[in-house]
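Biologist: I'd like to go through this one with you, question by question. Can you put it up on the screen?

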Amino acid sequence: MTVRVGVVGTGMIGSDHVARLSTQVAGAAVTAVFDVATDRAREVAASAGARSLASWQDVVAADDVDAVLVASPGEVHPEQVVACIAAGKPVLCEKPLATSAAQAVRVLEAEVASGRRSVQVGFMRRYDPGYLDVRRAITDGVIGEPLLAHAVHRNAGVPDFFRGEMALTDSVVHEIDVFRWLFGAEIAAVTVVPVRRSPLAAGDLRDPQLVVLELTGGQVVTVESFVNCRYGYDVRCEVVGSTGTVSLDNPRTTAVRTAGARSERVPADWQERFAPAYLEELRAWVDGLAAGRVDGPSTWDGYAATAVAEAAVRSSREGRRVDVELVPRPDLYA
Ligand code: NAP
């Protein structure tokens, strides 16, 4: 069986997903796309042998679309995902599920009312071989009881429109999800600690920032967010347990030793670093659909991550620790 996918949003990540779905994911075909940038949509459609349609609603309604991949900007995700639920079509929605917790609750309520899980959120780190190893070390008890973690999330640079709060809602949201998943707990409180500003940060960008996440299990995570580090894309972490630690480094281990120095490659960007994770995410989604199930990161995960990111923004603005208040978790996500 071939899963026929419609793609809404063919920008940076949408076009990457179209290429992966049409050339590297067995059992999938991209049949229809939409983007407000129509030229780009046409180009991407042609590359995959798909149709470029006049609206995202047309993609959701198309007879030759079994499932939808939403890769439009975050603000329009809730409306588009709720339309997919109403049409009875499974949807893989890129993160964030929504740009506010209230909007994410809208999606949650629509999916709960439909009575079944049909939404997956694009937290692809859960498919990354390195993070999967970290999780196994925790669940297999290799490091004893997990107590705390340190993480760094550095980008070489960001576009001019990027603001410090976007580092929390667009970048750190990945750490928010991944540590909920690794520790099997919710985040109860968040504090954004101001840090001396890099002299190389553009405009009024507040960078770097230190984010402290407190989990309901008592674990504490420190996340350094530095979106303007200049040297590469560097995502690492170390989880400290009662009898050991497990750390995740950049995946390439080739080292060059020459002229009295040892050097290792640092990935250039997220496309390079997480390429295997994006591919595995899509393969698992398509395989699940073919078997009649959706079991990746859920609407609840998308909602919880958005609620924590929102609390982080409040902490940053108000200069204080902020408790995260979540709505009761529906049984659908038990
Ligand atoms: P992008 O390059 O700006 O692409 C988004 C595209 O959607 C643009 O072509 C945009 O057109 C178009 N668009 C605007 N409104 C739309 C609508 N109502 N319906 C359909 N398309 C619409 O952004 P991107 O980097 O691909 O990001 C897209 C989403 O993926 C974001 O939510 C982002 O956070 C997420 N993302 C996730 C990861 C990850 O690691 N999982 C990585 C990157 C991005 P205009 O430019 O003309 O507005």
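Modeller: One definition to start: buried means under 20% relative accessible area, exposed means over 50%, and partly exposed is in between (1.4 Å probe, protein chains only). Also, this is a predicted model, where local features need pLDDT of at least 70 and side-chain atom pairs count only at pLDDT 80 or more, while totals for chains, interfaces and linings use all residues. Residues are numbered from 1 along each chain as its sequence is written, and side-chain values use heavy atoms, with hydrogens and water left out.

Biologist: Good. Does alanine 259 count as buried or exposed?

Modeller: Alanine 259 sits in the loop between β13 (255-258) and β14 (261-264); helices (H or I, at least four residues) and strands (E, at least two) are DSSP runs, numbered from the N terminus. Its phi is positive, about 50 degrees, although it is not a glycine. Because its relative accessibility is 82%, alanine 259 counts as exposed.

Biologist: Which other residue, not a glycine, has a positive phi, near 80 degrees?

Modeller: Look in the loop between β10 (220-226) and β11. The residue with that positive phi, near 80 degrees, is arginine 230.

Biologist: On to α7. How far apart are its end C-alpha atoms?

Modeller: The expected span of a helix is 1.5 Å times one less than its number of residues. Helix α7 (residues 164-183) has 20 residues, so it should span 28 Å. The model agrees, with the end C-alpha atoms apart by 27 Å.

Biologist: And where is the kink in α7 centred?

Modeller: The bend at a residue is the angle between axes fitted to the seven residues ending there and the seven starting there. In α7 the kink comes to about 50 degrees. Of the helix's 20 residues, 16 are buried, and the kink is centred on valine 172.

Biologist: What follows α7, with a positive phi?

Modeller: Walk off the end of α7 and you reach a residue with phi near 60 degrees. That residue is glycine 184.

Biologist: Now the ligand. Which residues come nearest?

Modeller: A residue is near a molecule if one of its heavy atoms lies within 4 Å of it. There are 23 residues around the ligand, and they divide into 12 nonpolar, 8 polar and 3 charged (Ala, Val, Leu, Ile, Met, Phe, Trp, Tyr, Cys and Pro are nonpolar; Asp, Glu, Lys and Arg charged; the others, Gly among them, polar). Those that come nearest are Met12, Ile13, Asp35, Lys95 and Tyr278.

Biologist: How far is a polar side-chain atom of histidine 174 from an oxygen atom of the ligand?

Modeller: A polar contact is a pair of N or O atoms within 3.5 Å; within protein, one must be able to donate a hydrogen and the other to accept it, and residues adjacent in sequence count only if both atoms are side-chain atoms. A polar backbone atom of isoleucine 13 lies 2.9 Å from a ligand oxygen. For the side chain of histidine 174, the distance to a ligand oxygen is 3.3 Å.

Biologist: What share of the ligand's accessible area does the protein cover?

Modeller: Accessible areas come from the Shrake-Rupley method with a 1.4 Å probe; for residues, only the protein chains shown count as cover. On its own, the ligand has 900 Å² of accessible area, and the protein covers 74%.

Biologist: Which elements give two or more residues to the shell around the ligand?

Modeller: We want helices or strands that contribute at least a pair of residues to that shell. They are α1 (12-23) and α4 (77-86).

Biologist: Which side chain has a polar contact with aspartate 128?

Modeller: Aspartate 128 lies in the loop between β6 (119-121) and α6 (129-139), and it counts as buried because its relative accessibility is 3%. The contact is 3.0 Å, and the partner side chain belongs to arginine 273.

Biologist: And what does the side chain of aspartate 234 contact?

Modeller: Aspartate 234 is in strand β11 (residues 234-241). At 4% relative accessibility, it counts as buried. Its side chain makes a 2.8 Å polar contact with that of asparagine 250.

Biologist: Last one: which residue does a cis peptide bond join to aspartate 207?

Modeller: One cis peptide bond joins lysine 95 and proline 96, with omega about -5 degrees. For aspartate 207, omega is about 0 degrees, and the partner is in the loop between β8 (187-194) and β9 (209-215). That partner is proline 208.
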